[in-house]
Amino acid sequence: MRFTQALIRTSKEAPADASGVSHVLLTRAGMIRKVGAGIYDYLPLGLRVLRKIEAIVRAEMNAAGALEVLLPAMLPAEYFQETGRWSGFGDTLLRFKDRKGADYHLGPTHEEIITDLARREVKSYRELPLNLYQVQTKFRDEARPRAGLLRCREFLMKDAYSFDVDEAGAKASYEKMRVAYNRIFTRLGLDYRMVSADSGAMGGSTSAEFQVLTQSGEDAIAVSDGSDYAANLEVASAADPALSPPAREAPLPVEKVHTPGHGTIADVAAFLQAPTSRFLKSLVYLATRGAASGRADEQLGGVETVLVVVRGDHEVNEIKLARALGASEVFLANEKAVEDATGARVGFAGPVGFVGKIIVDRDAAIVARGIAGANETDYHTINIEHGRDYQGEVADVRSVVDGDASPDGPGRLKVYRGIEAGHIFILGTHYSAKMGATYLGEDGVAHPMVMGCYGIGVSRLVATAVEQHHDDDGISWPTPIAPYHVHLVSLGTDEAVMSAGKTLEAELVAKGIEVLWDDRDERPGVKFKDADLIGVPLRVTIGGKGLASGIVELKRRGDRSKAFDALPVATAADEITRRVREALG
């Protein structure tokens with residue numbers, strides 16, 4: 001493709017509303033354009049990247065034995081009503097009525113529709129296992145679409161669903177997808193980790209995410225430096241402290257001390273000259289098992305008040321807390337609710353004397369001579385011990401931190417940032433049982449199919465790759481998903497240069513190499529800056545001086561040195577082809 005014939009509009013500055021590295025660079029490189037909040041056009045360069053990612057995903061899904069289907073994006077309400085998600089999905093669901101007044105929505109995910117397909121098409125155990133997938137546009141009315149393609153209201157997703165006769169079969173299907181996903185992300189050229197995760201609103205178990213490591217990621221993951229353990233911070237655990245408890249200090253009598261005006265742990269630690277690890281941070285939470293708004297200042301019937309105790313240098317993990325309580329949602333109580341529950345202002349809550357349910361984190365439960373609020377404004381209690389001075393259910397409800405012991409034995413945990421690019425988990429019979437998706441077994445009895453769910457954010461991967469592969473000058477695409485393999489830059493428009501460019505382009509294209517030729521009548525600096533911004537892996541420069549010496553110049557994107565490889569004109573196409581194929585693996 002020649003630059004003068006392509007729709008490539010680069011810019012020095014990004015629009016004022018562009019946020020995040022990928023949003024800025026994809027916009028500046030002329031690959032995407034905003035249409036509305038969370039809605040984007042893909043221009044030719046951006047679409048080439050999207051299609052390459054899509055092709056790799058398709059190839060590996062097909063190789064794993066999955067069968068491609070295409071389900072509708074516009075869906076009648078009855079399927080989500082059948083499973084309870086019509087109301088449960090909340091405001092994220094884009095709903096509308098047709099001209100007859102019937103309720104419809106745009107599909108945010110397709111568990112119900114694929115389950116309906118299976119219940120209509122599959123009758124016998126002989127037809128299982130079955131894995132169906134699609135690559136299709138999804139719609140979610142995100143409250144705060146942001147960062148360009150990373151969080152959109154309209155996006156392209158690959159979602160697959162497996163159907164098996166039993167749990168053992170479902171695990172075998174899951175394992176095939178695990179292998180396929182590892183192959184996909186490796187082929188995409190991304191540095192990633194597969195981590196244990198929470199399956200969230202979709203339900204299910206045996207959940208794992210594929211996190212692409214990047215400091216701009218919205219997710220945090222914990223990885224052991226001495227084992228294969230890796231987990232999303234939402235579910236990550238450290239080693240149980242009870243297995244190797246520290247030497248216990250002799251207990252001391254409980255005392256109440258005056259701490260006027262000192263309500264934060266940092267203030268009280270300085271006032272009492274004690275380490276924060278001795279403090280028992282006591283937080284009042286509200287927990288509900290039904291649908292709730294998440295606002296602590298509303299009158300919510302049936303909401304349970306819980307005091308959660310963690311060590312002073314730790315933080316509550318609300319995902320783990322909700323699981324420990326069997327709650328659908330937990331959120332911090334407001335000031336009035338705290339005062340009602342403890343009789344004191346915020347900052348002075350504590351477990352001693354608290355009336356109500358108490359959850360104590362494992363690390364907090366072994367703190368000796370602990371310090372906590374006295375449930376009395378401007379007072380704290382010191383030398384308190386779990387089991388002696390207060391009771392409470394012990395559970396793992398804190399977030400792990402750098403340096404925690406790995407839960408599987410060897411190694412210490414390190415916390416990284418990441419972007420979730422894929423998610424696999426076993427759904428079980430969550431949808432099939434509700435929707436009557438059964439098969440007739442060898443025993444002649446109808447059984448619900450055991451399902452698995454496997455998603456990849458295809459359009460999100462365009463942005464994710466940029467977040468991981470860029471520098472101050474622009475994008476640096478991995479070769480397998482780059483819009484082109486080679487960026488050919490001709491310096492000047494004299495006949496010799498243009499003729500050499502035309503010849504090299506033709507030779508490379510004949511060998512299956514994708515070439516973007518910047519044939520514009522522009523200054524070299526402008527062309528080089530655009531080449532760096534667009535991020536094609538190899539740049540080949542043809543100029544009069546080089547041709548006079550019988551060479552063209554080859555440079556890899558990201559090489560900041562002034563050096564380049566001088567390739568003889570006669571063999572340049574062969575050498576460039578070799579390097580491209582090597583990078584493609």
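User: Hi! How do β13 and β19 pair, and over how many bridges?

Analyst: Hello! In this predicted model, β13 pairs with strand β19, residues 379–384, in the antiparallel sense, and the pairing runs over four bridges.

User: Which residue in β19 stands opposite E255?

Analyst: That would be I382.

User: What sheet do β13, β19 and β18 form?

Analyst: They make an open sheet of three strands, in the order β13-β19-β18, with antiparallel pairing. From one strand to the next, the twist averages 30°.

User: Which strands stand at the edges, and why is one side of each left without a neighbour?

Analyst: The edge strands are β13 (255–258) and β18 (370–373). Each has a single partner strand, so one of its sides has no neighbour in the sheet.

User: Let me step back a bit. How many helices and strands does the protein chain have?

Analyst: The protein chain has 16 helices and 31 strands. Its C-alpha trace spans about 95 × 70 × 50 Å along the principal axes.

User: And what share of the residues counts as buried?

Analyst: Of the 585 residues in the protein chain, 49% count as buried.

User: New topic: how many disulfides does the structure hold?

Analyst: Zero. C152 is in no disulfide, and the nearest cysteine sulfur, in C453, is 20 Å away.

User: Why is there no bond for C453?

Analyst: Its closest cysteine sulfur is the one in C152, and at 20 Å that is too far for a bond. A disulfide needs the two sulfur atoms within 2.5 Å.

User: Is C152 buried or exposed?

Analyst: C152 counts as buried, because its relative accessibility is 6%. C453 also counts as buried, at 8% relative accessibility.

User: Now for the empty spaces. How much space lies in the second largest pocket?

Analyst: The second largest pocket holds about 830 Å³ of space. There are 38 residues lining this pocket, and the closest to its centre are G525, F528, K529, D532 and R539.

User: Which helix or strand gives the largest share of that pocket's lining?

Analyst: That is α14, which supplies eight residues of the lining of the second largest pocket. The elements that each supply at least two are α14 (524–534), β29 (538–542), α15 (544–548) and β30 (551–556).

User: How do the residues of that lining divide into nonpolar, polar and charged?

Analyst: For the second largest pocket, the lining has 10 nonpolar, 10 polar and 18 charged residues.

User: What about cavities, how many of 30 Å³ or more are there?

Analyst: The structure holds two of them. The largest cavity has a volume of about 40 Å³, and the second largest cavity has about 30 Å³.

User: Which residues line the largest cavity?

Analyst: Its lining is made of R146, L150, S216, G217, E218, I419 and R460. In that lining, two residues are nonpolar, two are polar and three are charged.

User: And which residues line the second largest cavity?

Analyst: The second largest cavity is lined by S237, A238, K320, D361, R362, D363, D396, R398 and V400. Six residues of this lining are charged, two are nonpolar and one is polar.

User: Thanks! Which two cysteines should I look up to see that sulfur gap again?

Analyst: Look for C152 and C453, whose sulfurs are 20 Å apart. Enjoy exploring!

Definitions and conventions. Residues numbered from 1 in each chain as written. Predicted model: local features only at pLDDT ≥ 70, side-chain atom pairs only at ≥ 80, totals over all residues. Heavy atoms only, no water. Buried < 20%, exposed > 50% of the residue type's maximum accessible area, 1.4 Å probe, protein only. 1 Å grid on protein atoms, 1.4 Å probe; cavity = no way out; pocket = protein on both sides within 12 Å on 5 of 7 lines; lining within 4 Å. Points joined across faces, edges and corners; volume = space filled by probe spheres on them. Nonpolar A, V, L, I, M, F, W, Y, C, P; charged D, E, K, R; others polar. Pairing = 2+ DSSP bridges. Axes fitted to C-alpha atoms, helices over the stretch in contact; angles between N-to-C directions.
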